[in-house]
Amino acid sequence: MSLRRWVGLTTTTVLLVATLPAGTAAGGASVRVPGPGSPGIGDPYWPLDGNGGIDVQHYDVHDRYVFDTGVLSGTTTVTLRATTDLGRFQLDLLLPVTAVRVDDEPAAFSKPDRHELQITPATPLEAGDVVDVVVEYAGAPGGIEYAGEQNWLADDSEVVTMNEPHMAPWWFPSNDHPSDKATFDVTVTGPATHQVVSNGLLVGRTVAGAEATTHWRSARPMATYLAFFALGRYEVTRGVRDKIPWYVAVSKELPAESRRISRRNLHRSDEITSWLAGRLGRYPFESTGGLSTALPVGFALENQTRPTYPGVYDTSIVVHELAHQWFGDSVSVDRWRDIWLNEGFATFMEVLHAEKHGGPSGQQWLRDTYHGRFVDRSFWKVDLAAPGRGRIFDDAVYTRGAMALQALRHRIGGRDFTRLLRTWVRQHRHANASVPEFRRLAEQVAGTPLDGFFRAWLKAPRPPRATVRNGLR
């Protein structure tokens, strides 16, 4: 019996119920006792990622960042549904918390672990309840570490929240695992001399004195690590292609030549998005584009609708990050062990784009790479279906992952392979998927067992034999 149903009972009745053993009603029948949500969602690679018992529907993030102090403060409303009866539940956040409310009622909270925000609502939640959880927080994200990572990226003129597999807990409370996607509103306040860039569509910008507040909205479900904002001085260009708005931003802090290269590459984002849609099916989101930062980051990241890039990169990286909009952003991993579905697939689309734009054929690339890496034992030892926490970004996941896909393309034929990819992204659009699910779909489309093929390419700790069955002849 939920506490909220006790309203209207007499004092005598309440005292009687209170003297019974836990889980026992006055008539002797058992009752459900709200328990705690688990501190992790069940991913063995990072046991504290995500939280049990909740399903987030929407994030409304309002943050302010002050460059002089490095302090980020904010209020985020997390609209969530309880998936079981809950006496308390948790969110992931690394910053100090000052207040929590659940449906406008003050809630008790604690930080049993730096990464975990434990919330006890005044009234326990029943399975199916949808509530607004408002969290107020403030602190300096720089230097905060989680899982061996210090992911805050900022200097005295620019900040960009980009990293994988973790970034959200440095700037808003969340259920931080790709298996719980939600829609987003992101509103950021900073100096009026700066622009704010985020995911989705720009809703508006308001200037008040020396500060400006900018609001972005993402109407399609998004994994928390893909949410981002950038606050800096940017050259912004925008337009529309194939009815899809595009928006690109280049940091003015970059050297002139780097700005030129970034502009050239980012201005191909709409063209490359259109090319990818022609091969994979309808673009899954409301806008496209990208951002180049002057901050010293050594990688690009597929933030949903708006990837972020370092100052210098080439077109193949743009292809890779935009391919992730289908593989990783729309179709997200079920667990982090499924990372091949992100990185191998995005790398394969680089190979296919090169093939269609004057480069070597995919099969020639496969043969050359196969022979070039044949004696590299470490390259073949990684289990692509479960690489382990420390190797989810191993070169083998990217390069050998793409090799496996080209070999599959050669094995089942180009027509069936294209049908496989298009069916995959359509069936799992805005959802999550696993490696075993892809293997089953590949066999269904090909009409033949592929156990030996996938075992040779994904799991065997040695190079596949150069056979027709392995797609190498």
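Two strands pair if DSSP finds at least two bridges between them. Helices (H or I, at least four residues) and strands (E, at least two) are DSSP runs, numbered from the N terminus. We're working with a predicted model, where local features need pLDDT of at least 70, side-chain atom pairs count only at pLDDT 80 or more, and totals for chains, interfaces and linings use all residues. Residues are numbered from 1 along each chain as its sequence is written, and side-chain values use heavy atoms, with hydrogens and water left out.

**Exercise 1. Find the neighbours of strand 18 and say whether its residues are buried or exposed.**

Step 1: start with the pairing. Strand 18 (residues 288-292) runs parallel to strand 19 (residues 308-309), joined by 2 bridges. Here L291 has T308 as its bridge partner.

Step 2: look for another partner. Strand 17 (residues 244-251) also runs parallel to strand 18, with 5 bridges. V248 is the residue opposite G290.

Step 3: check burial (buried means under 20% relative accessible area, exposed over 50%, partly exposed in between, with a 1.4 Å probe and protein chains only). In strand 18, 5 of 5 residues are buried. T288, G290 and S292 point one way, G289 and L291 the other, and all are buried.

**Exercise 2. Work out which strands stand at the edges of the two open sheets.**

Step 1: write down the first order. The open sheet of 8 strands goes 6-5-9-3-2-11-14-13, with mixed pairing. Strand 6 (105-106) and strand 13 (201-208) are the edges; each has a single partner strand, so one side of each has no neighbour in the sheet.

Step 2: zoom in on one edge. Strand 13 and strand 14 (residues 211-222) run antiparallel and share 7 bridges. R205 sits opposite T214 there.

Step 3: repeat for the open sheet of 4 strands, ordered 1-4-8-7, again with mixed pairing. Its edges are strand 1 (35-36) and strand 7 (108-113), each with a single partner strand, so one side of each is left without a neighbour in the sheet. Strand 1 pairs with strand 4 (residues 86-92) in the parallel sense over 2 bridges, and G35 stands opposite L86.

**Exercise 3. Describe helix 5, then place H353 in it.**

Step 1: get the length. Helix 5 (residues 340-356) has 17 residues and reaches 23 Å from first C-alpha to last, close to the 24 Å expected. That expected span is 1.5 Å times one less than the number of residues.

Step 2: ask how enclosed it is. Of its 17 residues, 14 are buried, so helix 5 is largely enclosed by the rest of the structure.

Step 3: see what follows. G358 comes after helix 5, and its phi is positive, near 95°.

Step 4: pick out H353, which is in helix 5. At 9% relative accessibility, H353 counts as buried. Leaving aside residues up to four places away in sequence, H353 touches R268, I272, W275 and V319 (contact means heavy atoms within 4.5 Å).

**Exercise 4. Trace the largest nonpolar core and two of the aromatic pairs.**

Step 1: size up the core, a set of buried Ala, Val, Leu, Ile, Met, Phe, Trp, Tyr and Cys residues joined through side-chain atoms within 4.5 Å. The largest one has 132 residues, and V133, W171, W340, L408, F438 and W457 have the most contacts inside it. Helix 8 (residues 395-412) gives the most to this core, with 9 residues.

Step 2: follow L408. Its contacts beyond four places in sequence include F438, A442, F453 and F454.

Step 3: turn to the rings. Rings of Phe, Tyr and Trp (its six-membered ring) pair if their centres lie within 6.5 Å; planes under 30 degrees apart count as stacked, over 60 as edge-to-face and the rest as tilted. The structure holds 26 aromatic pairs. In one of them, F172 and F184 have ring centres 5.7 Å apart and planes at 90°, so the pair is edge-to-face. Both F172 and F184 are buried.

Step 4: do the same for F438 and F454. Their ring centres are 6.4 Å apart and their planes at 80°, so this pair is edge-to-face. F438 lies in helix 10 (residues 435-446) and F454 in helix 11 (residues 451-459), so the pair ties together parts 16 residues apart in sequence.

Step 5: place the pair in its cluster. F438 and F454 belong to one aromatic cluster with F327, W340, F345, W424 and F453.
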